[in-house]
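Thanks for agreeing to look this one over with me. My notes follow in numbered points, so have the chain open beside them.

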Amino acid sequence: MSSPEDPYHRLSNGVREPDPTLGVRPEDRAVVEPVPPAPEPAPRSSEPAHVRPKRERVVLADSRQSSGRMRGRVELEEQTSWGKLLVRDLVKVQLRTSVWLAVLVLVVLGVLPALFYFLPAVARFTVIGIPIPWLVLGLLPFPFLFAVGLWYNRLAERHERDFVDMIEN
């Protein structure tokens, strides 16, 4: 057994006292680290310690430009007579462009059957055993219609861009 001089096995009132080192880990102890010395003050130069920065003016919105730009937008949003006139002009330009391109398509595609009807010699040509009228009327319209569609899209975007530029300026 243990001797009575052993401090960890003492009994007080018949109950053993807990070990004082129980639950204490070595990393729980405070570690004192040396603190580096304060930095030396910089030598004073001829300039003052605090130089005021140059003052700048910050402008978030130029009030001179916004009034003209805002007027056109307000006219459109409130649907005043001038705003309705602007939108009507845009619609007229878009309609004129679409009608002009539709007439172009109808003329080009309408002339082809007439060409083969009035010139039967052209209608007799064949390529790989397929008559030319079948190839021209069956395949040629699709790339042509695609190209006209792209052309109309570019024109419509240009008209809308011009409309927005006119409103903003």
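How are α2 and α5 oriented to each other, roughly parallel or roughly antiparallel?

1. A word on the source: this is a predicted model, in which local features need pLDDT of at least 70 and side-chain atom pairs count only at pLDDT 80 or more, while totals for chains, interfaces and linings use all residues. Residues are numbered from 1 along each chain as its sequence is written, and side-chain values use heavy atoms, with hydrogens and water left out.

2. To the opening question: α2 and α5 are roughly antiparallel (an angle over 145 degrees; under 35 is roughly parallel, 65 to 115 roughly perpendicular and the rest oblique). Helix α2 covers residues 81–118 and helix α5 residues 141–168; they pack at about 165°, with their axes 10 Å apart. Axes here are lines fitted to C-alpha atoms over the stretch in contact, and angles run from 0 to 180 degrees between N-to-C directions. The α2 and α5 crossing is right-handed (the near helix is turned clockwise from the far one by less than a right angle). Sorted by class, the contact of α2 with α5 has 21 nonpolar residues, four polar and one charged. Nonpolar covers Ala, Val, Leu, Ile, Met, Phe, Trp, Tyr, Cys and Pro; charged covers Asp, Glu, Lys and Arg; the others, Gly among them, are polar.

3. Do have a look at T97, which sits in helix α2. T97 is buried (under 20% relative accessible area, with a 1.4 Å probe and protein chains only), at 10%. Its side chain reaches the backbone oxygen of V93 at 2.9 Å. Neighbours within four places in sequence aside, T97 is in contact (heavy atoms within 4.5 Å) with Y152, L155 and H159.

4. Helix α2 has a second partner to check, helix α4 (residues 132–139), packed at an angle of about 175° with the axes 10 Å apart. This pair, α2 and α4, is therefore roughly antiparallel. From α2 the contact draws on L112, P113 and F116, and from α4 on I132, P133, V136 and L137. By class, the α2 and α4 contact has seven nonpolar residues, no polar and no charged ones.

5. Finally, the overall picture. The protein has five helices (DSSP runs of H or I, at least four residues) and four strands (E, at least two). From the N terminus, the order is β-β-α-α-α-β-β-α-α. Of its 169 residues, 12% count as buried. Among contacts between residues at least 6 apart in sequence, 60% join residues at least 24 apart.

How values were computed:
Buried < 20%, exposed > 50% of the residue type's maximum accessible area, 1.4 Å probe, protein only. Polar contact = N/O pair within 3.5 Å; in protein donor to acceptor, adjacent residues only side chain to side chain.
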